[in-house]
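Me: I would like to learn how to read a few features of a structure that is new to me. Could we go through them one at a time?

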Amino acid sequence: MRPTRATALLTAGLVTLFGAPAGAAAAAEAPANLYVNNQAGSNCSDSGSGTQAVPYCTISAAAKVVQPGQTVRIKSGTVYDENVTISRSGEPGKPISFVPDGTVTSRAMLSPGKGLTIGGSSHVKVERLVIRGGIQVKGSSDVQLDQVYSRSATPNSLVIGEGSSDVRVSRSSLVGVLVDGGSRNTVLSRNTVQGIFGPVIAAVDAPGTVITNNTLTSGCAATVSVSGGSTGSGLHNNVLITQVNTGNCPLPDARNAVLVSKSAAVGTVADYNVVAADPALFPAPYNWSGTTYKDPAVFRAATGQGAHDISVTSIEKAIGYEGAAAIDSADATAPGVLPTDHLGNAAVDDPLVPNTGKDGGYLDRGATEFQDWLSEATLTVDPPHAPVGTEVAVRAFSNSRWPTTMSYQVDFGDGSAPVDAKRGEGDYGNAKHTYAKPGDYVVKVTAVNGVGKTASTEKTVKAAPAGPGTASFTATQVLPPAGDTEEHIAPLTYAFDVSSSVTPWPVARMEVDFGEGWYQGYDGTTRAQHTYAKPGEYKATVKVTDTKGGTATTTRTVRVDYAPSGYVPVTPYRLQDTRTWGGALKGAEPTAVPMPLAFKTGDFSTAAGMSAVVLNVTLTEATQDAFLSVSPNREEIPATSNVNVRKGGTTSNTVTVPVDEHGWVWMRLNAGQAALIVDFVGFYQPNAGQKFSPVSPTRVADTREAGGALGGGQTRTVKVAGVAGVPAGASAVALNLTSTDTTAGTFVTAYPDPANRPATSNLNPEPGKAKSSQVLVPVGPNGTITLYNHWGSTHLVVDVVGFYGKDGKALFTPVVPKRLADTRDTGKLAQGATTTAAGVPAGAVGAVVNLTATESAGAGYLTAYGFGAARPNASSLNTLPGVTVPNHVTTPVGDGRISVYNGPWGGSTHVITDLLGYFTQG
């Protein structure tokens with residue numbers, strides 16, 4: 001039972017500690033605050049007036065001018081590299097105060113080795129300072145140190161001496177305290193103090209020293225030592241811990257928890273202390289007036305002291321655990337008792353421990369009060385979803401250590417008055433309610449413990465309309481997490497959510513016809529995922545069944561498409577070569593090429609969330625003239641092509657293509673057989689990579705004009721970033737790479753790091769033919785790329801057409817390869833004429849196409865550019881008489897259309913334009 005006198009007991013002795021209440025002082029207006037702030041930008045000055053606008057830089061500067069009644073507010077969270085001396089004084093009721101700004105947990109700190117001295121002062125308060133160089137109080141009176149933290153290299157981090165009087169130290173953390181030199185009426189309360197090589201607290205010739213409600217841990221000497229003329233002192237409500245320290249102290253020794261000399265015993269009182277010491281190691285915890293005593297009973301019988309002392313053998317039995325000796329067993333009327341503990345918590349009655357304190361009080365011994373530590377409230381609602389008019393039951397509970405002291409208030413969220421939950425079995429709080437109108441309501445439970453500490457939680461409940469339900473759903477594309485390239489999320493994956501359905505009871509089952517000819521049922525959930533095989537519009541039907549068997553169905557169109565994506569370049573590496581494994585491709589047989597989906601090959605990157613890949617695809621050893629089509633679908637025969645090869649020849653092209661749900665792409669040779677080589681160049685992924693920006697096609701290298709032809713086995717470094725409109729920070733560039741004047745069949749590789757050439761290729765030059773290929777390549781050191789030629793010699797021309805990087809503007813949306821235009825249906829494109837390919841989605845600012853010239857009359861070139869824009873002075877593809885030539889091209893778009901110009905020489909040609917994807921501002 002909590003005694004009716006508890007409040008009075010806890011407040012007894014406060015005047016002793018804090019002095020007269022502030023209201024007793026003269027009602028004069030306090031002077032303004034002074035401010036200290038040494039942080040950068042604070043505009044501080046030690047020669048100023050210490051205003052908030054122009055604060056002092058040092059605490060010392062403020063200490064030299066502070067007036068009675070003023071408070072020095074020190075910027076918290078910062079370090080002051082200074083020794084601080086306070087020598088000025090306040091007046092009765094008008095102290096000078098030094099406190100950090102901010103909340104009650106804010107601290108200000110002196111540098112290591114820097115200390116605080118209060119000398120010849122009176123009426124001084126110091127709060128919440130961290131002083132690592134020690135504290136000295138000399139010849140001062142009416143000094144209050146509260147919540148200070150001090151450690152120093154000497155045995156005592158706090159020394160009170162030279163005749164000081166009425167010094168009060170509370171709620172602080174210290175290492176060693178010495179009160180000496182005739183100091184009088186010192187009070188130490190609710191502190192944690194650790195001793196190292198000397199007593200934890202020593203009073204020497206210090207009459208009237210009061211040591212109350214402290215937790216004291218000894219090192220190599222007595223826990224509390226009172227000697228010399230320290231008469232009339234008091235030791236009350238302390239927890240005295242004597243520890244074994246084999247590293248620093250010889251053992252066994254004669255350490256005492258309480259050591260009071262004969263000269264100091266006069267008028268000195270010790271009671272309500274807890275002594276924690278192993279009797280086998282410390283057989284004499286008490287030493288009083290020169291005689292040792294083995295336990296409280298012997299001590300009490302011989303001296304009359306320690307009538308309510310408790311002796312335990314371990315720290316665990318003393319403090320910090322339910323049932324520990326210190327709980328609810330102190331003297332609340334002892335001098336120096338504080339209303340709050342070391343951490344600022346109020347005294348609380350532990351309902352699981354009898355109140356054995358003086359007069360049935362419940363104050364704890366030691367620096368801290370054992371608390372409930374309520375931090376979490378929880379609740380259940382039954383049913384959480386029901387028709388209007390159904391009674392809803394709420395059960396509330398918490399993580400309180402003392403559930404019998406708990407009360408719970410429930411707000412049902414519909415405007416009705418909160419109610420107190422009735423306590424039921426298991427000390428839960430219970431309340432019931434019936435909602436009058438349909439809606440989603442937030443039920444809030446607030447838990448309150450015996451000392452007013454609260455915790456709350458909320459949960460949404462649904463009061464549904466009575467009667468038949470209606471089905472509804474959302475279909476949202478599921479994208480990879482931002483920046484994550486290792487979690488596999490297949491493109492065209494959509495999440496179906498039926499939680500927006502309005503049903504009288506919770507949904508127990510959902511059935512979904514995704515519009516692809518089959519359906520799936522799901523029990524106990526309102527959410528399902530599905531990956532579509534290809535983009536398009538699908539009629540999806542959802543049926544929901546509630547827990548009472550009621551059903552509802554709805555159908556709507558779901559638009560499925562690839563998500564706009566950023567580009568992730570990688571150092572090119574070889575993914576497949578059928579010359580060494582797998583055998584040649586055979587005409588009309590679809591062949592799967594797995595992409596690096598969720599694994600790493602050596603140092604090569606994963607691309608688990610990719611929507612599309614960029615590859616360099618090479619055909620060689622062809623048994624007849626043929627072409628290769630690349631797509632994300634196995635079953636459908638594409639109407640597009642990517643690589644065209646002559647019998648016995650070798651040719652390559654860059655390919656951008658979506659991947660299927662497994663991370664595969666499908667390759668189909670139309671006729672004959674050919675060896676296939678696939679090099680992985682990079683990938684597009686939603687929420688990852690870099691955006692693209694086109695630049696006006698600009699020549700950055702032409703070996704015919706500088707450097708000479710590139711010989712077999714030779715390399716050439718080309719500057720591509722920081723020039724030609726490409727920013728220095730670009731991560732990758734899009735180039736058109738052209739070979740001419742080639743002396744032997746060879747291959748050319750473009751790559752970022754000149755010291756690490758990959759085993760890949762980008763272009764297959766042939767004698768007598770000008771050949772071109774678009775290349776996407778990461779930018780290497782100092783904004784360069786490196787070109788390598790394998791056999792013979794060849795001239796190379798490099799035109800930059802765009803870049804990827806943090807300065808990019810557009811995201812890429814892949815498409816299943818789609819034919820936009822084919823002049824074989826309308827007639828050849830004449831020399832010097834322009835044709836238009838329409839069908840790029842609205843809003844596109846650029847497109848990636850596969851441009852193919854076939855049945856060309858002569859050697860010429862084609863240029864692709866945005867419809868309605870000025871034609872650039874650059875080529876996109878070089879035509880050859882009688883040869884079908886494809887090239888991967890990135891081009892601007894105008895009004896959803898692309899213009900293709902046939903150059904002024906080379907004669908007529910057919911032009912085929914296949915769309916691979918498009919760019920939109922993002």
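Me: Which handedness does the link of C44 and C57 have about the S-S bond?

Reply: This is a predicted model, in which local features need pLDDT of at least 70 and side-chain atom pairs count only at pLDDT 80 or more, while totals for chains, interfaces and linings use all residues. Residues are numbered from 1 along each chain as its sequence is written, and side-chain values use heavy atoms, with hydrogens and water left out. A disulfide is a pair of cysteine sulfur atoms within 2.5 Å; the sulfur atoms of C44 and C57 are 2.1 Å apart, and their link is right-handed, with 95 degrees about the S-S bond.

Me: How many disulfides does a search of the whole structure find?

Reply: The search finds one disulfide.

Me: How should I read empty space, and what volume does the largest cavity have?

Reply: Rolling a probe the size of a water molecule over the atoms shows where empty space is left. A cavity is a set of points, on a 1 Å grid over the protein atoms alone, where a 1.4 Å probe fits but cannot get out, and lining residues have an atom within 4 Å of a point. A volume is the space filled by probe spheres set on the points, which are joined across faces, edges and corners. The structure holds four cavities of 30 Å³ or more, and the largest cavity has a volume of about 70 Å³. Its lining has 15 residues, with Q477, L479, P491, L492 and P686 the closest to its centre.

Me: Which residues lie nearest the centre of the second largest cavity?

Reply: They are A386, V392, Y435, K462 and A463, from a lining of 13 residues, and this cavity holds about 60 Å³ of space.

Conventions: 1 Å grid on protein atoms, 1.4 Å probe; cavity = no way out; pocket = protein on both sides within 12 Å on 5 of 7 lines; lining within 4 Å.
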